[in-house]
Amino acid sequence: MFETRKRYIFRNFVVALAKKRQLIKDKNKKTNRMNIETSLVQSVVEAIKNLYGADFSAEKIQLQKTRKEFEGDYTVVVFPFLALSKKRPEETAQEIGEYLKNNVSANSSFNVVKGFLNLAISPSYWVNLLDEIKKKKKW
């Protein structure tokens, strides 16, 4: 329980730093760093393409912060993928979660709750992100 709370606080701290970093623009007024949400969405698109052989628009993927009562950092809503997988929500979420766990270094674990795939971001990802932010001179 304490470890989960500590991880939750740390995650929110890093996300707040990342959001602040995202507000700082380069000379062309464009952000040049891909954030974790964008990376996860692109990984889900890749998973759908590899698992079900279908192209799926990144805009249609619903990614949100995981609710406090569940384990994980981000949640992917799996229901839009059921027509492609032709399987139950739990099976589809399990397959996508396995793919992400095996192919995405930022994802350390996952769990499935009905039609929702809860993803846990690895602590090493957050540490690397903090190191990257620390190295930037304009932080």
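Student: Is Glu69 buried or exposed?
Tutor: The class depends on relative accessible area: under 20% is buried, over 50% is exposed, and partly exposed lies in between (1.4 Å probe, protein chains only). Glu69 has 51% relative accessibility, so Glu69 counts as exposed.

Student: What kind of model is this?
Tutor: Residues are numbered from 1 along each chain as its sequence is written, and side-chain values use heavy atoms, leaving out hydrogens and water. Local features need pLDDT of at least 70, side-chain atom pairs count only at pLDDT 80 or more, and totals for chains, interfaces and linings use all residues, as this is a predicted model.

Student: Which residue forms a salt bridge with Glu69?
Tutor: A salt bridge puts a side-chain nitrogen of Lys or Arg within 4 Å of a carboxyl oxygen of Asp or Glu. For Glu69, the closest N and O atoms are 2.4 Å apart. The partner is also exposed, at 53% relative accessibility. It is Arg67.

Student: How many salt bridges are there?
Tutor: One joins Glu95 to Lys87, with the closest N and O atoms 2.3 Å apart. Glu95 is partly exposed at 25%, and Lys87 is partly exposed at 33%. By the salt-bridge rule, the count comes to five.

Student: Which residues are joined into one network by salt bridges that share partners?
Tutor: Start from the salt bridge between the side chains of Glu90 and Arg88, at 3.6 Å, N to O. Shared partners make one network of Arg88, Glu90 and Glu91.

Student: What pattern does the chain follow along the sequence?
Tutor: Helices (H or I, at least four residues) and strands (E, at least two) are DSSP runs, numbered from the N terminus. The chain has five helices and four strands. Their order reads α-α-β-β-α-α-β-β-α.

Student: In β4, what is the bridge partner of Phe110?
Tutor: Two strands pair if DSSP finds at least two bridges between them. β3 (residues 107-113) and β4 pair in the antiparallel sense over six bridges. They form a hairpin with two residues between them, and Lys114 in the turn has a positive phi of about 55°. In β4, Phe110 is partnered by Leu119.

Student: Which element gives the largest share of the largest nonpolar core?
Tutor: Such a core is a set of buried Ala, Val, Leu, Ile, Met, Phe, Trp, Tyr and Cys residues joined through side-chain atoms within 4.5 Å. The largest one has 29 residues, and Ile61, Phe81, Ile96, Leu100, Leu117 and Trp126 have the most contacts inside it. Elements giving two or more residues include α1 (2-23), α4 (89-103) and α5 (123-135). The largest share, eight residues, comes from α2.

Student: Which residues does Ile96 contact, leaving aside its neighbours within four places in sequence?
Tutor: Contact means heavy atoms within 4.5 Å. Beyond those neighbours, Ile96 touches Ala47, Ile48, Leu51, Tyr52, Phe81 and Leu117.

Student: With which residue's side chain does the side chain of Asn35 make a polar contact?
Tutor: Asn35 lies in the loop between α1 and α2, and it is buried, with a relative accessible area of 13%. A polar contact is a pair of N or O atoms within 3.5 Å; within protein, one must be able to donate a hydrogen and the other to accept it, and residues adjacent in sequence count only if both atoms are side-chain atoms. Here the distance is 2.8 Å, and the partner is Thr38.

Student: What share of the chain's residues count as buried?
Tutor: The chain has 139 residues. Of these, the buried share is 37%.
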